[in-house]
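Open the model in your viewer and keep the selection panel at hand. The tour goes from domains to their interface, then to individual salt bridges.

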Amino acid sequence: MQFDTTKINNMILNTGRDTNFSRAYIVEEKETRVREAFVEKLASILECEETDSALRPCGQCASCRQIAKGTSMDIVHMEMTGKNSYKTEDATEMMERLRLGSYGKHVIGIIDDADSLTEIIQNKLLKTLEEPERGVVIILGSSNKSRLLKTIQSRCITIRVRDYTEQYEDESAAEMLCEALETIMREESFFYEKRNVIAKNIKTRQDAEKLIGMLEDEYRYNMIHGTMREEMADMIDIAEEAVKDIKRGMDYSKALKRLILEIQ
Ligand SMILES: [Zn+2]
């Protein structure tokens, strides 16, 4: 899933100017995986140290790298200690951490599955939203925001993930990228097979960059949710090297070839 980072950056800039608005977002999307990926992207953009907002997230600064590796001290997930629900203590713990302030640009409290918050917790949260402290950002992941209290909704900026997903001019371009991605990630494929599929499907530098971006997103997802964290971190480094190679002027097909050789 490729998100339109330009659009996300513009939204942050536009909504940030209104200082009366708390920095709180509802990220609305039914698919958990897509929603979580979007929240991570949003957090990276907010935290990225790159001065040119058009280039955020840069993927290279300390903040971006920490978020990608899941080690950022500024990202605070509300932990769910109840069986299928959040306990009041879970909210208290997150708020206390948020109050301590940020190491980087913001301290970001993330509540995925905010739909399952009890009314008591939502009211508690409301206090933080009404008196936002400097640098505190709260992101609520929701599959349907109508499940949240109206008072919460009115204090948050709602982002419908579908509105921020890159649209491809034609469907076949998206399909070609997906086919290339699947082939690269398939462990049992041989190098020459991968090379051929890529040569067939990736015809421009832009497509090569999109493909590497998608690959990185897959590795990040696996790193956070899977068991082979170190291996995935190495894969991300390899992908980032390929992006750098292309930016330095290396031919994209050569950079891709090197990439698939290294991740074999
Ligand atoms: Zn960055």
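**Stop 1: the two domains**

Colour the chain by domain: domain 1 covers 5–164 and domain 2 covers 171–262. Keep in mind that this is a predicted model. Place a centre on the C-alpha atoms of each domain; the two centres are 29 Å apart. Now select the residues in contact. Domain 1 contributes nine residues, and domain 2 contributes twelve residues.

**Stop 2: the interface**

Interface size is often quoted as the accessible area that is lost when the parts come together. Here, domain 1 and domain 2 bury about 990 Å² between them. Carbon and sulfur atoms give 41% of that area. On the domain 1 side, select Arg33, Ala68 and Lys69. These three lose the most area to domain 2, together 46% of what that side buries.

Next, look for polar pairs across the boundary. Four residue pairs are in polar contact between domain 1 and domain 2, both residues at pLDDT 80 or more. Which helices each supply at least two residues of the side of domain 1 that touches domain 2? Select α2 and α3 (62–69), which each do so. Of these, α2 gives the largest share of that side, with four residues. Colour the same side by residue class: one residue is nonpolar, two are polar and six are charged.

**Stop 3: salt bridges across the boundary**

Widen the view for a moment. The whole structure holds 19 salt bridges. How many salt bridges are counted between domain 1 and domain 2? The count is four.

Select Glu218 and Arg33. They form a salt bridge, with the closest N and O atoms 3.0 Å apart. This pair joins distant parts of the chain: Glu218 sits in helix α9 (residues 205–225), Arg33 sits in helix α2 (residues 32–47), and 185 residues separate them. Switch to a surface view. Glu218 is partly exposed, because its relative accessibility is 22%. Arg33 is also partly exposed, at a relative accessible area of 38%.

Now pick Arg65 and Glu240. Their salt bridge brings the closest N and O atoms to 3.0 Å.

**Stop 4: a linked network**

Keep Arg65 and Glu240 selected, and add Glu216, Arg220 and Asp237. These five residues are linked in a network of salt bridges. Zoom in on Glu216 and Arg220, a salt-bridged pair whose closest N and O atoms are 3.1 Å apart. Why are they about one helical turn apart? Glu216 and Arg220 are four residues apart in helix α9, so about one helical turn separates them.

Are these two buried or exposed? Glu216 counts as buried because its relative accessibility is 10%. Arg220 counts as buried too, at 12% relative accessibility. The cut-off for buried is under 20% relative accessible area.

**Stop 5: a pair within domain 1**

Finish with Arg155 and Glu130. Their side chains meet in a salt bridge, at 3.6 Å from N to O. This pair, too, links distant parts of the chain: Arg155 belongs to helix α6 (residues 150–155), Glu130 belongs to helix α5 (residues 119–130), and the two are 25 residues apart. Check the surface once more. Arg155 is partly exposed, with a relative accessible area of 28%. Glu130 is partly exposed as well, at 41% relative accessibility.

Technical notes. Residues numbered from 1 in each chain as written. Predicted model: local features only at pLDDT ≥ 70, side-chain atom pairs only at ≥ 80, totals over all residues. Heavy atoms only, no water. Buried < 20%, exposed > 50% of the residue type's maximum accessible area, 1.4 Å probe, protein only. Domains from an automatic or database assignment. Contact = heavy atoms within 4.5 Å. Buried area = accessible area lost by both parts, 1.4 Å probe. Polar contact = N/O pair within 3.5 Å; in protein donor to acceptor, adjacent residues only side chain to side chain. Nonpolar A, V, L, I, M, F, W, Y, C, P; charged D, E, K, R; others polar.
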